[in-house]
Amino acid sequence: MSSTFVESEERIELRKQVFKLASKYGQEYFLKKARAGEKTDELWLELGKSGYLGVNLPEEYGGGGGGLGDVAAVLEEVGAAGCPLLLMVVSPAICGTVINKYGTPAQKERWLPGIADGTETMAFAITEPDAGTNSHNIVTTARRDGDEWVLNGKKVFISGLDESKNVLVVARAEAVDDEGQKTGKLKPCLFVVPTDAPGFEFTPIPMEFISPETQFQVFIDDVRLPADALIGDEDGGLVQLFAGLNPERIMAASFATGIARFALSKATAYAKERTVFQGPIGAHQAIAHPLAKAHIEVELARLMTQKAAALVDEGKDFEAGEAANMAKYAAAEASCSAVDASVHTFGGNGLTQEYGMGALVAASRVMRIAPVSKEMILNFVSMHSLGLPKSY
Ligand SMILES: Cc1cc2nc3c(=O)[nH]c(=O)nc-3n(C[C@H](O)[C@H](O)[C@H](O)COP(=O)(O)OP(=O)(O)OC[C@H]3O[C@@H](n4cnc5c(N)ncnc54)[C@H](O)[C@@H]3O)c2cc1C
């Protein structure tokens, strides 16, 4: 049996190149933009132009012909360089994957090139105020009216609508039986909605999360869409939605490990220099051990993330579900520990704007909550991996 736990030379080279590109910008640029309420368009578009944003999408639609493992590596590296780009989770990984898998050739032609080069970023909207974690309870509805669809509902915490031309909205359409009669049941469907469509309104949610990406509350009031706004089969339901969820978790894991690596590299550099008694503070185990422990946890999380991405890329979506959830859980926990230990290493400087460490606290914490909370992953693992009774 031959097996190897190292990534391919191409993947390692991709990581190097992306890290180099993002390091030209770095955390100073990223935080300056975020604090000024501006976007990191220069970095986003340079990544797009260089082929990194859409590295997972097919070449015929402007992508790089790679897999999810590649785009996850890109996200991890930009984060490790101090620029964690939240919209990479959404635009190329969720929307790109779903459209590539279930879109018609015309839909792929229409949406994928702009997602790949970054000129037509696509947001993703599933979360609703009254459903929250329980996405089976979403009530945004899609009704047919002649050749058109009419959407109504509410969404919350939707990232990046102000910098996206379109958003992939999860809504529920009325199911019909074999005779074409309405069954009264509602099934989830995916629609591409232009963010400037009449009736689609969004307002920013003030967050304590220092990021160029803004979260929005959304009101969808009789938004009319052409028939081809529907991605995939109207009856495809959950399967089509799930196609985007493993990538979402794997990307969230990479977002988290990128931040963790950035924090640990800053903290270890500081711990080697800063001296207050005899020798640098990094010589004290009280400082060194939490950093070492976090480093181990981050490496373990990266390994599980790579495994999950490899399973997706092999088309083993079912097996990937468990690995993607575990990777996301492990990465979020590792990231929170790494950031906590790093902030502590800096003492008072850990909370100054100059050192940028405090900004990582909320960023790492977000990954415990979104896109799926730590508790829901534990519920999933209890039930699916351990066979315990369903608890929710
Ligand atoms: C920065 C940020 C960006 C986001 N971007 C997007 C986006 O672009 N698109 C999008 O659709 N959504 C987005 N979200 C939403 C995110 O996916 C949700 O916040 C997340 O799914 C949790 O839902 P909720 O906030 O409603 O929490 P709730 O569902 O209200 O849960 C609150 C707490 O209760 C716990 N809980 C609930 N039920 C159970 C149970 N059965 N067992 C144990 N614990 C339970 C949860 O784990 C959580 O800790 C974003 C959120 C944030 C913070």
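1. **Ligand shell.** In this predicted model, 20 residues surround the ligand. The closest are T127, T133, F157, S373 and E375. A residue counts as near if one of its heavy atoms lies within 4 Å of the molecule. By class, the shell has 12 nonpolar, seven polar and one charged residues. Here Ala, Val, Leu, Ile, Met, Phe, Trp, Tyr, Cys and Pro count as nonpolar, Asp, Glu, Lys and Arg as charged, and the others, Gly among them, as polar.

2. **Ground rules.** Residues are numbered from 1 along each chain as its sequence is written. The model is predicted, so local features need pLDDT of at least 70 and side-chain atom pairs pLDDT 80 or more, while totals for chains, interfaces and linings use all residues; side-chain values use heavy atoms, without hydrogens and water.

3. **Where the shell comes from.** Four elements each supply at least two shell residues: β1 (122–125), β3 (148–159), α9 (359–369) and α10 (374–385). Helices (H or I, at least four residues) and strands (E, at least two) are DSSP runs, numbered from the N terminus.

4. **Polar contacts to the ligand.** A polar contact is a pair of N or O atoms within 3.5 Å; within protein, one must be able to donate a hydrogen and the other to accept it, and residues adjacent in sequence count only if both atoms are side-chain atoms. A polar backbone atom of I126 sits 2.9 Å from a ligand oxygen. The side chain of S159 places an N or O atom 2.9 Å from a ligand nitrogen. A backbone N or O atom of P371 is 3.3 Å from a ligand oxygen. The protein covers 69% of the 980 Å² of accessible area that the ligand has on its own. Accessible areas come from the Shrake-Rupley method with a 1.4 Å probe; for residues, only the protein chains shown count as cover.

5. **Backbone at P371 and F157.** Most residues other than glycine have a negative phi, and most peptide bonds are trans. The bond from A370 to P371 is cis, with omega near -10 degrees. P371 belongs to the loop between α9 and α10. F157, in strand β3, has a positive phi near 65 degrees. F157 is partly exposed, at a relative accessible area of 45%. The classes are buried (under 20% relative accessible area), exposed (over 50%) and partly exposed (in between), with a 1.4 Å probe and protein chains only.

6. **D222.** This residue is in strand β7 (residues 215–225). D222 is not a glycine, yet its phi is positive, about 50 degrees. Its relative accessibility is 41%, so D222 counts as partly exposed.

7. **Helix α10.** What span should the 12 residues of α10 have? At 1.5 Å a residue, 16 Å is expected, and the end C-alpha atoms are 15 Å apart, which agrees. The expected span is 1.5 Å times one less than the number of residues. I377, N379 and V381 of α10 are buried. The buried residues of α10 pack against α8 (317–345), where contact means heavy atoms within 4.5 Å. Just after α10, G387 takes a positive phi of about 70 degrees.

8. **T345.** T345 lies in helix α8. Its relative accessibility is 4%, so T345 counts as buried. The T345 side chain reaches the backbone oxygen of A341 at 2.7 Å. Not counting residues up to four places away in sequence, T345 touches A267, Y270, A271, I281, I287 and L291.

9. **L31.** Helix α1 (residues 9–35) holds L31. L31 counts as buried, at 6% relative accessibility. Beyond four places in sequence, L31 touches I210, G356 and A359. L31 and A359 are 328 residues apart along the chain, with C-alpha atoms separated by 8.2 Å.
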